[in-house]
Amino acid sequence: MKQAPKISSSKIVALTSVMTALVYLATSISLKMPPPLGAWHIGDIASFVVAFLCGPFIGAFACGVGAMVFDVWNPVWGGAYVSWAPATIVIRGFMGFMLGKLRRIFPNKPMLSELTVMILAAVQKNICYFLYDYFLFGPAAFFDLVTFFPLSAIDIIITIPLLASVRKALKIDYLV
């Protein structure tokens with residue numbers, strides 16, 4: 001595998017748009033849960049893949065904005081999650097940045113790097129959403145902790161072979 005060549009700024013904008021739409025679409029594939037749980041979705045899988053392939057800046061934008069647009073409006077639940085939008089753009093944006101920035105934290109061990117960063121990102125995201133939900137719902141937010149971490153583990157387990165398959169198909173480790 002090899003690093004992607006430099007690409008023009010117009011291609012960066014196009015790639016950012018497509019990746020943001022991908023995160024939105026994956027987040028929209030959801031199952032509504034009772035408050036304070038929000039929705040279970042596959043948006044984190046898309047976020048992991050996008051941030052690893054595209055780096056910290058596209059990752060931050062696509063993960064934050066794509067997920068926030070889901071909160072504001074989505075095809076299944078409408079604006080049911082709009083109260084999470086301010087937190088989502090910050091929490092998921094930071095998650096995307098962290099994933100993209102730290103994707104090579106162990107330069108000679110890319111798989112270990114990405115696994116470590118996915119775990120760190122999931123912990124960061126889950127704790128931040130718990131704190132936000134505690135602000136919104138009080139002690140009922142503790143139900144978040146029961147579901148967030150098992151779902152994050154499933155997301156990570158699915159991401160590893162998916163990312164390997166995407167890289168194999170593209171014959172490249174990183175797009176940006």
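Tutor: A residue is buried when its relative accessible area is under 20%, exposed when over 50%, and partly exposed in between. The model above is predicted, and the terms apply to it as follows.

Student: Why is C128 called partly exposed?
Tutor: The relative accessibility of C128 is 29%. That value lies between the limits of 20% and 50%, so the term is partly exposed. C128 belongs to helix α4. Its C-alpha is 6.7 Å from that of I91, although 37 residues separate the two in sequence.

Student: What makes K125 buried or exposed?
Tutor: K125, also in helix α4, has a relative accessibility of 9%. This is under 20%, so K125 counts as buried.

Student: Which residues does K125 touch, apart from those up to four places away in sequence?
Tutor: They are D44, I91, R92, M95 and S152.

Student: What makes the link between the side chains of K125 and D44 a polar contact?
Tutor: The distance is 2.7 Å. The limit for a pair of N or O atoms is 3.5 Å, and one atom must be able to donate a hydrogen and the other to accept it. The pair is listed as a polar contact, and 2.7 Å is within that limit.

Student: How do you know that the charged end of K125 sits over the ring of F148?
Tutor: The charged end is 5.9 Å from the ring centre, and the cut-off is within 6 Å, with a further limit of 35 degrees from the ring normal. R104 has a similar role in the list: R104 lies over the face of Y174, at 4.7 Å from the ring centre, again within 6 Å.

Student: How many aromatic pairs does a search of the whole structure find?
Tutor: The search finds 8. One of them is F70 with Y81, whose ring centres are 5.6 Å apart and whose planes differ by 20°.

Student: Why is the pair of F70 and Y81 called stacked?
Tutor: The centres must lie within 6.5 Å and the planes under 30 degrees apart. With 5.6 Å and 20°, F70 and Y81 meet both conditions, so the pair is stacked. F70 is in helix α2 and Y81 in the loop between α2 and α3, so the pair ties together parts 11 residues apart in sequence. F70 is buried at 3% relative accessibility, and Y81 is buried at 4%.

Student: Why is the pair of F130 and Y134 called tilted?
Tutor: The centres are 6.1 Å apart and the planes 50° apart. An angle under 30 degrees would be stacked and one over 60 edge-to-face; 50° is neither, so the pair is tilted. F130 and Y134 are 4 residues apart in helix α4, about one turn of the helix. F130 is buried at 12%, whereas Y134 is partly exposed at 38%.

Student: Which residues form one aromatic cluster?
Tutor: F70, Y81, W84 and F137 form it.

Student: How do you know that helix α2 is not straight from end to end?
Tutor: Helix α2 has 30 residues, and a straight helix would reach 44 Å at 1.5 Å a residue. The end C-alpha atoms of α2 are only 15 Å apart. A kink of about 145° is found at G55, shortly before the proline P56. For contrast, helix α1 has 20 residues and reaches 28 Å, close to the 28 Å expected.

Student: Why is α2 described as largely enclosed by the rest of the structure?
Tutor: Of its 30 residues, 25 are buried, so that description follows.

Student: What do the buried residues of α1 pack against?
Tutor: They pack against β1, β2, α2 and α3. Among these buried residues are L15, M19, V23 and Y24.

Student: What makes G93 buried or exposed?
Tutor: G93, in helix α3, has a relative accessible area of 10%. This is under 20%, so G93 is buried. Beyond its neighbours within four places in sequence, G93 contacts A60, C63, G64 and T88.

Student: What makes the phi of K171 worth a remark?
Tutor: Most residues other than glycine have a negative phi. K171 is not glycine, and its phi is near 55°, a positive value. K171 lies in the segment after α5. Its relative accessible area is 60%, over the limit of 50%, so K171 is exposed.

Technical notes. Residues numbered from 1 in each chain as written. Predicted model: local features only at pLDDT ≥ 70, side-chain atom pairs only at ≥ 80, totals over all residues. Heavy atoms only, no water. Helix = DSSP H or I, 4+ residues; strand = E, 2+ residues; numbered from the N terminus. Expected span 1.5 Å × (residues − 1). Bend = angle between axes of the 7 residues up to and from the residue. Buried < 20%, exposed > 50% of the residue type's maximum accessible area, 1.4 Å probe, protein only. Phe/Tyr/Trp six-rings, centres within 6.5 Å; stacked < 30°, edge-to-face > 60°. Contact = heavy atoms within 4.5 Å.
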